[in-house]
Amino acid sequence: VKSDYNCFKLFGLDILLDEELKPWLLEVNNFPSFEPERLDRMVNEPLLAEMFNIVGFHITEPLDQQKKNLIIQSQGLDNLFEFDSEMYKRDTTVDQIDQDKIPGECRIEDSELVKEANLTPRDVRTLVRSEEELSQTVNFSRLFTSQVLDKSDRDCAPCESDRDRLVDAWENVYGHDKEIGRELLARLCDAGVHKGDFVSLSASTPA
């Protein structure tokens, strides 16, 4: 997969509540069914609507000014940001690949990951998309590896990617004051930091 755009998966969990209302996981469905019966629709329709809001579908085709104005007026928007495929590229530069291979004990501390001076263009893109997704949640909750695994489990079976660690660290620092974190991201994007490696990404992609 060369792009993170449209990459998502919805699982279905079958849970049984016992007499003490303790939940027991029965199974995880890779392809949950969405039956049209009225009872299911009361749950499924809001769930699917929120999922698509979180995924953040874009109009990917180029729009002329007339279409832009129509969308802005019909949706009550102040402006319209068009789809930018570069924001979702999975290509990595040599430096990023090397960083991914650095042993865990030699990597930068989690608390240092989200300091402004340490944020790379890819980091900024990752955090912007993460904040966009989180802003659309109503009934969904976001889980982090550090929240569901204790330290011994994570040391024995490293399952966090660099992006997981980044978003986890960001949440630890700015989770209680989202506005400050989002203002920082907005300032970095205004300065073009999120596009700082686009030329390198293109150059590193085989023809």
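This is a short talk on the nonpolar core of a predicted model, two buried polar residues and the two ends of one helix.

I will start with the core. The largest nonpolar core in this model holds 18 residues. Those with the most contacts inside it include Val-114, Leu-119 and Trp-170. At least two core residues come from each of three helices: H5, which covers 121–135, H8, which covers 162–174, and H9, which covers 178–190. H8 gives the largest share, five residues.

Take one core residue, Val-124. What does Val-124 touch, if residues up to four places away in sequence are not counted? The list is Leu-119, Leu-185, Leu-188, Cys-189, Val-193 and His-194.

Now two residues of helix H5 that are polar. Glu-131 sits in H5. Is Glu-131 buried or exposed? Its relative accessibility is 5%, and the cut-off for buried is under 20%, so Glu-131 counts as buried. Beyond its neighbours within four places in sequence, Glu-131 is in contact with Trp-170, Lys-178, Arg-182 and Leu-185. Trp-170 and Leu-185 are also among the core residues with the most contacts.

Ser-130 is in H5 as well. Ser-130 has 7% relative accessibility and therefore counts as buried too. With residues up to four places away in sequence set aside, Ser-130 touches Arg-142 and Val-167.

Last, helix H2, residues 65–75. At its start, a side-chain oxygen of Asp-64 comes within 3.2 Å of the backbone nitrogen of Gln-66. After H2 comes Gly-76, with a positive phi near 65 degrees.

Methods:
Residues numbered from 1 in each chain as written. Predicted model: local features only at pLDDT ≥ 70, side-chain atom pairs only at ≥ 80, totals over all residues. Heavy atoms only, no water. Core = buried A, V, L, I, M, F, W, Y, C linked by side-chain atoms within 4.5 Å. Buried < 20%, exposed > 50% of the residue type's maximum accessible area, 1.4 Å probe, protein only. Helix = DSSP H or I, 4+ residues; strand = E, 2+ residues; numbered from the N terminus. Contact = heavy atoms within 4.5 Å. Polar contact = N/O pair within 3.5 Å; in protein donor to acceptor, adjacent residues only side chain to side chain.
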